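Visitor: I would like to go through this protein and ask what the terms used for it rest on. Please show it to me before we begin.

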Amino acid sequence: MTSLPLKRGSLAFHLSARAAVVTGAYVAAAVAVLLTVIVLRGLVPPATLSRFLGFVLIGSLAGGLEPGTVKAAALGEAGVRGSTTAAFLAAGAIKGLAASLVLAPLWRFADPAVSVATLAWTPGLAVAGFCGTELRALFDLRGRYALAITVKQGSVAGGVALAGLLMALGVPVSEAVGLSVLARLAFLGLVANQAAGGTVQGRAGWTSTRRQVARLLADRRWIDLAAVSVISAFGGGADRLFGLRYLSPAAYGGYFLTYELFSKFWLIPYLLSPILFARRAAGAADDGFAGVAWSLVALAGAAYLTLTAALLVLAPDFLRQVVGASFGLATLAFAAGVVVNSFSQLRVAELQGDGRSRRAAVATALGAAVSVPLFMVASRAFGGGGLLLAWLVKSILELAVLMAGGAGATRKRGDGAVPSGR
């Protein structure tokens, strides 16, 4: 792969232009999800809301998992040009079907009252999440960052909003979930068709696609990439899994909305990490982008924590009125954990772009090994406030492990040696 054309002198301009469009798409999706939950909370019984939040949780987990197909191809000699969009999505769909075998039991654990008819949509939900992630990675590597995040976030938020609307109109949970999943799959299929030029493949084309899919699945680099995502997703999603299982419906609704509201700072690493990965994978590890990314997170994090503290001091009843619960200083601790975790996301992108996904996987696994039991104890013994405090502990530990060892060794590529680490 060749280095992406981003000169130092124009770095700020490019970041500002991309950030403006991407931020709009991200904020719109976040607002859609938050408003859906807030409005639905006042229209349906708490038990029905819990069924809906279980769907949102599993959809978020599926959408947050990294199939690794596109990123693994980007690290190879041919890059992403060696396979078609259809091949990438077919490989991602196969992985999504496999992941559903784990997601369905997790859904049942988190919400024992969920119906079999609702659980039956787990494979479609997983495929939609995986294909959305593959499309985002593909568009990111092509430099179409705004389209990437619009497709990814639009699919997830649109599915949540549609299911919430249907349930507000009295549609049963299983049918609302099913229609939401089908709508997401149709949307992603349309986007993929447009990305491929709207061409219809003949028999020879499908034969070539099958061969590409087999090659993509045989590329073992995606395993390390996916491993980091799986461990991170379940380590970071365990709070909501245990919260849904052990908190009362009202308490979990308050925790969920607090989490969703204050975790939106992750927009910044969500914007920067794909660019950081793409530049590292292209061999541009010393162009100054990493330093800009880390500095931006640090400055924004300081401002974010200041505003959060001011909100808690000056308007202590605001959160109780908006989300139905107020956890006091535990909310500030969670906000601090979100900022610390943002640095971890940048570090993982660096390691993966440098071809050191296994090191990222090991570090993330160590963090998850502590965070999963931590979240379980916190939810059962200390409620929603305990879960928020546990996030800070998890984030600090995970970043410390990811940063241990310094810059590390140089990674060898076919186009030359690339220094790894910051």
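Guide: In this predicted model, the count comes to 7 salt bridges.

Visitor: What makes R51 and D111 a salt bridge?

Guide: A side-chain nitrogen of Lys or Arg has to lie within 4 Å of a carboxyl oxygen of Asp or Glu. The side chains of R51 and D111 meet at 2.6 Å, N to O, so the pair fits the rule. The bridge links distant parts of the chain, as R51 is in helix α2 and D111 is in the loop between α4 and α5, 60 residues apart. Both R51 and D111 are buried.

Visitor: Why can such side chains pair at all?

Guide: Side chains of opposite charge can pair when their charged atoms come close.

Visitor: Why is the contact of K264 with E260 called a salt bridge?

Guide: The closest N and O atoms of K264 and E260 are 3.1 Å apart, and the cut-off is 4 Å, so the name applies.

Visitor: How do you know whether K264 and E260 are buried or partly exposed?

Guide: Buried means under 20% relative accessible area, and exposed means over 50%. K264 has 25% relative accessibility, which lies between these limits, so K264 counts as partly exposed. E260 has 10%, which is under 20%, so E260 counts as buried.

Visitor: What makes E350 and R347 a pair, and how far apart are they in helix α15?

Guide: E350 forms a salt bridge with R347, with the closest N and O atoms 3.1 Å apart. They are 3 residues apart in helix α15 (residues 329–353), so about one helical turn separates them.

Visitor: How do you know whether E350 and R347 are buried or exposed?

Guide: E350 has 0% relative accessibility, so by the 20% limit E350 counts as buried. R347 has 1%, and therefore also counts as buried.

Visitor: T331 is in helix α15 too. Why is T331 called buried or exposed?

Guide: The relative accessible area of T331 is 0%, which is under 20%, so T331 is buried. Leaving out residues up to four places away in sequence, T331 touches T258, F262, L312, L319 and L388.

Visitor: How much of the protein is buried?

Guide: Buried residues make up 54% of the 422 residues. The secondary structure comes to 16 helices and 2 strands.

Visitor: What makes a group of residues a nonpolar core?

Guide: The members are buried nonpolar residues joined through side-chain atoms within 4.5 Å. The largest nonpolar core has 102 residues, and F52, F55, Y252 and Y255 touch the most other members. Helix α12 (residues 267–281) gives the most to this core, with 10 residues. A second, separate core of 12 residues includes C131, L135, F139 and V191.

Visitor: Which residues does Y252 touch?

Guide: Not counting residues up to four places away in sequence, Y252 touches L53, L57, R240, G243, L244 and L247.

Visitor: Which residues form a nonpolar patch on the surface, and what makes V31 fit there?

Guide: The patch is formed by V27, V31, L35, V39 and L43, with about 420 Å² of accessible area together. V31 is in helix α1 (residues 11–41). A patch member needs over 30% relative accessible area, and V31 has 40%, so V31 passes that limit. V31 is not over 50%, so V31 is called partly exposed.

Conventions: Residues are numbered from 1 along each chain as its sequence is written. This is a predicted model: local features need pLDDT of at least 70, side-chain atom pairs count only at pLDDT 80 or more; totals for chains, interfaces and linings use all residues. Side-chain values use heavy atoms; hydrogens and water are left out. Patches are made of residues with over 30% relative accessible area and no salt bridge: like charges are joined within 9 Å, nonpolar side chains (Val, Leu, Ile, Met, Phe, Trp, Tyr) within 5 Å. Accessible areas come from the Shrake-Rupley method with a 1.4 Å probe; for residues, only the protein chains shown count as cover. Helices (H or I, at least four residues) and strands (E, at least two) are DSSP runs, numbered from the N terminus. Buried means under 20% relative accessible area, exposed over 50%, partly exposed in between (1.4 Å probe, protein chains only). Contact means heavy atoms within 4.5 Å.
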